[in-house]
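Biologist: Got a minute to walk me through this one? I'd like the overall picture and then the odd bits.

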Amino acid sequence: MTLLNWGEYLTHPGEAALSKCRENCSNSFINQRNRIRDLYSALSPKNVVCIGSGYLNDIPIEDFVKAGSTIYLVDWVKDLSQLAYCKDVITECKGRYQCFICQTKYDPRQYCTNYQELDVSPKEHKQDVCSSFIKSNISPSLCENFEFGTNPVFIDMDATQGRADVFARRVSEMISRAKTPKAVFKNALREVGRLKQYSTCFPIDGQSVDFVTSSMVVSQFEFEPYGFMAKKMAQKFGTNEINRMEKILTPYMEKLRSILFPLLVEGHFEEMHRILQTDGRVYFSIETFHRPKDYDRWFWCKNLDRIMEIISKYFWFDFETLPELGNPDRMDILEGKSIVSSYVLVPKSRTDL
Ligand SMILES: C[S@@+](CC[C@H](N)C(=O)[O-])C[C@H]1O[C@@H](n2cnc3c(N)ncnc32)[C@H](O)[C@@H]1O
């Protein structure tokens with residue numbers, strides 16, 4: 001039997017799944033999207049980095065392109081944001097096609113190398129697209145001639161300075177070699193101690209960015225890469241064996257999480273702090289309460305105090321730029337309901353760290 005590997009685990013689920021996710025989730029993310037849009041328009045940044053950009057449900061990409069910002073979309077699932085972006089570029093309403101690249105303030109060719117100006121007005125043309133537009137029924141974009149330019153920049157990387165990624169790869173090898181589930185945990189606990197020195201940066205210069213979004217990304221650090229670890233262990237040792245040993249394994253798992261989680265969170269905030277200009281801003285949102293599907297009680301999400309402590313090491317909180325962001329947002333997602341808190345963060349001076 002071939003065991004699962006980390007690269008496969010992070011493979012995006014394909015175009016059909018993307019459309020389904022959009023159908024199911026885009027409404028849930030509307031408030032988050034509006035908040036990011038409001039903050040973006042209050043700040044008018046020249047460049048923006050969206051970490052955990054994923055399906056772009058919460059990213060007002062159209063506004064970023066129209067205003068001509070340099071955009072970096074970061075997600076560790078390869079090609080996911082490229083696919084979502086292709087879907088967003090052109091929309092159709094009652095037979096009229098609209099391409100948001102055609103509405104950018106600056107050179108549209110940075111966003112699509114095939115852009116060609118119209119020789120008639122959009123009114124005469126009866127479409128809001130350029131003269132290269134050819135309707136496509138098969139490519140992910142509605143325009144057959146859409147071709148990526150140099151902007152946005154897509155970065156398929158881990159947002160924890162590579163710590164979650166390297167941990168998952170090493171644990172993956174351990175599982176392949178180990179004779180028992182307990183041996184995996186013992187080795188993983190040794191490995192996690194070495195991660196602190198590990199730090200892989202995004203290909204973005206230090207102190208070069210005006211605006212960063214980290215929307216609902218840290219909420220996932222509680223589940224990844226453990227989800228992968230659990231799946232691969234069940235594959236290798238069998239679900240029955242893992243269940244039989246649950247009592248013995250649970251304390252190991254809890255210890256592992258309690259060490260790994262803050263390392264991942266710290267890597268994330270340290271990297272955002274590194275790339276931000278001194279007067280830059282972060283939009284940060286996180287699930288604070290969760291109500292599982294078919295359950296009528298709310299749970300407080302674990303580790304919030306630890307996260308706030310780590311944020312405070314690198315950032316100040318800004319409740320002035322958009323005071324309404326202080327109010328929590330309620331979201332319905334597939335696995336239940338969430339209360340989400342959003343914050344604007346300002347980097348602390350490097351001499352204060
Ligand atoms: C809950 S989603 C946020 C919403 C997302 N913008 C969307 O519209 O789908 C979190 C995103 O962060 C990504 N992510 C989670 N952990 C990550 C990590 N360590 N490094 C990079 N991306 C990560 C996931 O792949 C996912 O796309």
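Modeller: Sure. One term before we start: a residue is called buried if 20 or more other C-beta atoms lie within 10 Å of its own, exposed if 12 or fewer, and partly exposed in between. Also keep in mind that this is a predicted model.

Biologist: Okay, so what percentage of the chain's residues count as buried?

Modeller: 36% of the 353 residues do.

Biologist: And how does the radius of gyration sit against a compact globule?

Modeller: It agrees: the chain has 22 Å, and a compact globule with 353 residues would come out near 20 Å. Along the principal axes, the C-alpha atoms fill a box of roughly 75 × 50 × 45 Å.

Biologist: How many helices and strands?

Modeller: There are 13 helices and 11 strands.

Biologist: Which domains is the chain divided into?

Modeller: Domain 1 covers 89-149 and domain 2 covers 163-352. Their centres, taken over C-alpha atoms, are 39 Å apart.

Biologist: Let's go inside. Which residues have the most contacts in the largest nonpolar core?

Modeller: Val49, Val74, Cys99, Ile101 and Val212, in a core of 83 residues. Helix 12 (residues 246-275) gives the largest share, with 8 residues. Each of the two domains supplies at least three residues to this core.

Biologist: What does Val49 touch?

Modeller: Leaving out residues up to four places away in sequence, Val49 contacts Tyr72, Val74, Ile204, Val209, Val212 and Ile275.

Biologist: Switching to the ligand. Which residues come nearest?

Modeller: Out of 21 residues around the ligand, the nearest are Gly52, Gly54, Tyr55, Asn57 and Ala159. The shell splits into 10 nonpolar, 7 polar and 4 charged residues.

Biologist: Now the odd bits. Where are the cis peptide bonds you flagged?

Modeller: One joins Asn151 and Pro152, with omega about 0 degrees. Pro152 sits in the loop between helix 6 (122-125) and strand 5 (153-155). Another joins Glu224 and Pro225, with omega about 5 degrees, and Pro225 is in the loop between helix 9 (218-221) and helix 10 (226-237).

Biologist: Why bother flagging those, or a positive phi?

Modeller: Because most peptide bonds are trans, and most residues other than glycine have a negative phi. Asp79 has a phi near 70 degrees, and Gln161 has one of about 60 degrees.

Biologist: Is Gln161 buried or exposed?

Modeller: Gln161 counts as buried, because it has 24 C-beta neighbours inside 10 Å. It lies in the loop between strand 5 and helix 7 (163-177).

Biologist: And what about Asp79?

Modeller: Asp79 has 13 such neighbours inside 10 Å, so it counts as partly exposed. Asp79 is in the loop between strand 2 (70-74) and helix 5 (80-89).

Technical notes. Residues are numbered from 1 along each chain as its sequence is written. This is a predicted model: local features need pLDDT of at least 70, side-chain atom pairs count only at pLDDT 80 or more; totals for chains, interfaces and linings use all residues. A nonpolar core is a set of buried Ala, Val, Leu, Ile, Met, Phe, Trp, Tyr and Cys residues joined through C-beta atoms within 7 Å. Helices (H or I, at least four residues) and strands (E, at least two) are DSSP runs, numbered from the N terminus. Domain bounds come from an automatic or database domain assignment. Two residues are in contact if their C-beta atoms, placed from the backbone, lie within 7 Å. A residue is near a molecule or strand if its C-beta atom, placed from the backbone, lies within 6 Å of it. Ala, Val, Leu, Ile, Met, Phe, Trp, Tyr, Cys and Pro count as nonpolar, Asp, Glu, Lys and Arg as charged, and the others, Gly among them, as polar. The radius of gyration is taken over C-alpha atoms; the globule rule is 2.2 Å times the number of residues to the power 0.38.
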